[in-house]
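Trainee: Got a minute to walk through this one with me? I'd like to get a feel for how the parts fit together.

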Amino acid sequence: MVRSLVFPLSGRTVLSGSAVAGILLGVCLVCISTSVFATNGDYLTPDLRARVEKLKADVTLRGTDSINQQGRSRLLWQWANAYALNGGDLPVNLTQAVAAVFAYPDLLRDRSYVIDEFIFEMTLLDEQPNAIGELTADPGPFEARRYATIRQTYTVGARQIQTGGGFMIARHFMPNYGVWQTGNPSADNYISITSSNARVSFTVDSAPMTGMHGGFRGQIPTLVFRLAAGTLETEDQVTITYGDTDEGSRGFLMADFSSDRMPLPIYLAFNQDEPFLSLPIQPIRVTGTRIERVHGFGPSVVMPGEPFTLSIRAEDRYYNRALDGHPALRLLLNGDVFKEIPASDTAITLLKGMTLEESGAYHFSIESRDGNIRGQVNPILVQENPAHRIYWGDTHGHSGFAEGIGTPERFMTWARDDARLDYVTHSEHDIWMDDQEWEVLRENVRSYTEEGTFIAYLGYEWTVRNFQGGHHNVLFRTPDSRERVSAQFFPTLSRLYAGLRANADPRDIVVIPHAHQSGDYRLSDPELEPLVEIMSQHGNFEWFGRMYLNHGHQVGFIAASDNHLSQPGYTAPNNGSLAQRGGLGAILAPTRTTDAIFDAMKALKAYATTGDRIILDVSLNNVGMGQRAQFSEQRTLQGRVIGTAPIESITVVKNDHTVWEQDYLTDLDSRLASEETLLLSFGSDSTPFHPNDNPRGWRHWRGTLLVENADIESVEGMDFHNHVLQSIERDAEDQQMIKFATLTRGDTSSMKLRLNNVKRSTAIHLELEPTRESGGAPPLYRRAQPVAGASISLALRDMENGKVQQSVPAGDYVDVVRLRRVVSQGSRDVRFEFSDSSKKQGDYYFVRVRQANDAMAWSSPIWVGGHKTQ
């Protein structure tokens, strides 16, 4: 359950410290006969109970200020965690407020009353446990992106609700469910309130709300049903109906993602003088909808004749499990039927005991017998005595324990069953986590880990602003006796490192910084921090890994999702900052065990992908990725890429400069054919304009595309997985015109055009609309900027080596639009070799792979000579 304390600002001023103290005094005087003092049944120790009672009394005499706030915050932290460990539900922002006292003191300047507000709420929970009442809801299941009617019913507790009190109908900032309204009962998303007490009436009001149930980074007006007349007595009931259809509304439009705990938060105020307190978030269940495609998951590396399991997942267009399972399917290999798969009423089918007898790379596909349902399986490499296996995982994801959605159990089952991960970390934000939640994460690691099958690591996200060190995920080898070193009391990066070393052996800790709220790349502990996250749903941030390398740190590259919907490892984009699919971390280890995977992370034996399970093998002078080769002036870098789509290009980066690149996709034939396949790509840089700042936000591309002197046969988006922010639509009146929208952040987004009747005069004309950059963790120094519209023409006659591009100024940046002719059938299996000569010790090399579908992979670097930072 989530609770939060909110003082609405509409029509009155925020309660001062003295006002809060007055309310506290009233609460204490009314309830002193029922207060739970130090007894055998108390959840507080006698010493802590005595200090808590003194705190209550002190606050009634003097509000919290800059002199006493740290001492009071530490005591509030101890009190709250004891309450949580006893099964109580804490105000959701209490732990964050404590963190702010120590980590963000400037944010609490002149706002020390926030601590008093939480002392008030804890006092109420401590002394009047029956005051809040009870909330229930229709549990569902409800179908994603369908209209529904949901009722939440509140039963009044021991305290009356008086005129001026009421219910705030808050909105979690992440779900894209309908925007409720009270003005038109026949329109969509109409919301109403009724009561079993005929003597009361309500009026519609609003109040500002911030945080996860409001504007998150700023206030937004939030609906309040305020009691206009009468008094709600104990046992009276109040019903909030989302999608009331009594007068013709179609109902309430559900979010497009499935969940076991879709949040519809409600806050309660007992009267006009007291703050709003949250009621428990109810477990409203949302399922997927009709099947649109299937996806197959298999191991990346097996030996000849080795049995393995192939998982086939039926899914809707939003990445949810399909509601009604799947029809009969065929597993195809090179277009031939390899296996018949019977229909199933469940979404996930496991094909156990499969074998492949011959060495080589295998690319399976899946389709229904009528061809309407299709999907792919990741490539499988069959090798004799492989040097290592490739294990796929996600070290960065969230649930409703922080500002996300869903339960920790849903998080783990999605990782194991839906995403078919080999390893995972539920890395919840420490600033929102209490001790009881930490114990849940610890127990989940124990209960879900199955050596040889699925590995869970205990971890959390250390959460401070980038100028204090930035966000870092912390993973522990084992769950036993591991305590989080949290931002509440270790609010700088150097303190985090020191705290972790005091808590555990460095060999049992992995710290991974990431670019969203960017880690401070000037500082890195070489024993704790082996990997850097360079890609997530927030964007592609190769620059971030480069900055660590350029500052002399020996780190490897990994990617993750940063998903906030309890969907680690196989992730749908949303319409906010998490606007693309999540990444994956590939770990090169001999076995799927806790120690083997953790040791490989510590040894930098890892690479990053944008979510596709691309097989990547890179060595330099026979030394693998993440390692340091003996010095030699002559260097031979070799590798192999087995992709999920045709390989577009392979690039070798040495010491922050491109030294070799091979294009495998562009058609270099100078003769135009009457039928051509063109790839139109949009690209933008995410590197911060100022050093040590957060990355540039999403660059939105919206407008029209007109083809001149050719006919459009088809158009297809390559990475168009975001159904809200990405779209392609043929103009109904002009079939040569396409309306489109997409976005980029450190990557490219492409459309494939198949044209007929192509001539040398064929051209593509783009009219780009004005847009504005967007994205979470905005830069501190260069805020999101507007981007001007532009007119661009790309003519085939202007192509050189099969391509033409145009720079597009965007304020402090220059973005790129590129058009090229591409081969009809590119290779998905490419071997490459690059030779280099250098007299310099300590050079580093890494490889970047791009696919025709805009998916990417990055090897961890390989160093030559020199020495590691100690």
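**Helices, sheets and odd backbone spots**

Mentor: Sure, and keep in mind that this is a predicted model. Let's start with a helix pair: α6 (residues 408-418) packs against α7 at an angle of about 30°, and their axes are 10 Å apart.

Trainee: What's the handedness of the crossing of α6 and α7?

Mentor: α6 and α7 cross in the right-handed sense.

Trainee: And which residues make the contact?

Mentor: From α6 you have Pro 408, Glu 409, Met 412, Thr 413 and Arg 416, and from α7 you have Val 440, Leu 441, Asn 444 and Tyr 448.

Trainee: How many of those are nonpolar, polar and charged?

Mentor: The α6 and α7 contact has 5 nonpolar residues, 2 polar and 2 charged.

Trainee: OK, cores next. Which residues touch the most other members in the largest nonpolar core?

Mentor: Tyr 460, Leu 500 and Leu 637 do, in a core of 76 residues. We meet α7 again here: this helix, residues 435-448, gives the core its largest share, 5 residues. Another core of 70 residues lies apart from that one, and its members include Ala 80, Tyr 113, Phe 167 and Leu 565.

Trainee: Switching to α9. Why is helix α9 described as largely enclosed by the rest of the structure?

Mentor: Because 7 of the 9 residues of α9 (residues 542-550) are buried. Those are Glu 542, Trp 543, Phe 544, Gly 545, Arg 546, Tyr 548 and Leu 549.

Trainee: What follows α9?

Mentor: Gly 552 does, with a positive phi near 90°.

Trainee: Now strands. How many residues of β30 are buried?

Mentor: 5 of its 5, so to speak the full count for residues 509-513 of β30, which is mostly covered.

Trainee: Which way do they point?

Mentor: Ile 509, Val 511 and Pro 513 point one way from β30, Val 510 and Ile 512 point the other way, and all are buried.

Trainee: And what does β29 do with β30?

Mentor: β29 (residues 472-476) pairs with β30 in the antiparallel sense, over 5 bridges. One bridge links Phe 476 to its partner Ile 509 in β30.

Trainee: What's the strand order in the open sheet of 4 strands?

Mentor: β38-β37-β40-β55, with antiparallel pairing. The edge strands are β38 (623-624) and β55 (829-837), and each of them pairs on one side only. β37 (residues 615-620) and β38 are joined over 2 bridges, and Leu 620 has Val 623 of β38 as its bridge partner.

Trainee: And the open sheet of 3 strands, what order is that?

Mentor: β16-β24-β21, and the pairing is mixed. β16 (301-302) and β21 (360-362) are the edges: each has a single partner strand, so one side of each is left without a neighbour in the sheet. β16 and β24 (residues 380-382) pair in the parallel sense over 2 bridges, and the bridge partner of Val 302 is Val 382 in β24.

Trainee: Any odd backbone geometry to look at?

Mentor: A few places. Most residues other than glycine have a negative phi, and most peptide bonds are trans. Against that background, Gly 140 and Pro 141 are joined by a cis peptide bond with omega of about 15°. Pro 141 sits in the loop between β2 (134-137) and β3 (142-143).

Trainee: What about phi: where is Asn 189, and is it buried or exposed?

Mentor: Asn 189 is in the loop between β6 (166-169) and β7 (191-195). Its phi is positive, about 65°, although Asn 189 is not a glycine. Asn 189 counts as buried because its relative accessible area is 11%, and the cut-off is under 20%.

Trainee: And Asn 692?

Mentor: Asn 692 also has a positive phi, near 65°, and is found in the loop between β43 (676-683) and β44 (699-708). With a relative accessible area of 25%, Asn 692 is partly exposed.

Trainee: Last one. Which residues is Arg 754 in contact with, leaving aside its neighbours within four places in sequence?

Mentor: Glu 676, Thr 677, Asp 711, Ile 712, Glu 713, Ser 714 and Glu 716. Arg 754 lies in β48 (residues 748-756) and is partly exposed, at 30% relative accessible area. Glu 716 is 38 residues away along the chain, yet the C-alpha atoms of Arg 754 and Glu 716 are separated by 8.8 Å.

Notes
Residues are numbered from 1 along each chain as its sequence is written. This is a predicted model: local features need pLDDT of at least 70, side-chain atom pairs count only at pLDDT 80 or more; totals for chains, interfaces and linings use all residues. Side-chain values use heavy atoms; hydrogens and water are left out. A nonpolar core is a set of buried Ala, Val, Leu, Ile, Met, Phe, Trp, Tyr and Cys residues joined through side-chain atoms within 4.5 Å. Buried means under 20% relative accessible area, exposed over 50%, partly exposed in between (1.4 Å probe, protein chains only). Contact means heavy atoms within 4.5 Å. Axes are lines fitted to C-alpha atoms, for helices over the stretch in contact, and angles run from 0 to 180 degrees between N-to-C directions. A crossing is left-handed if the near helix is turned anticlockwise from the far one by less than a right angle, and right-handed if clockwise. Ala, Val, Leu, Ile, Met, Phe, Trp, Tyr, Cys and Pro count as nonpolar, Asp, Glu, Lys and Arg as charged, and the others, Gly among them, as polar. Two strands pair if DSSP finds at least two bridges between them.
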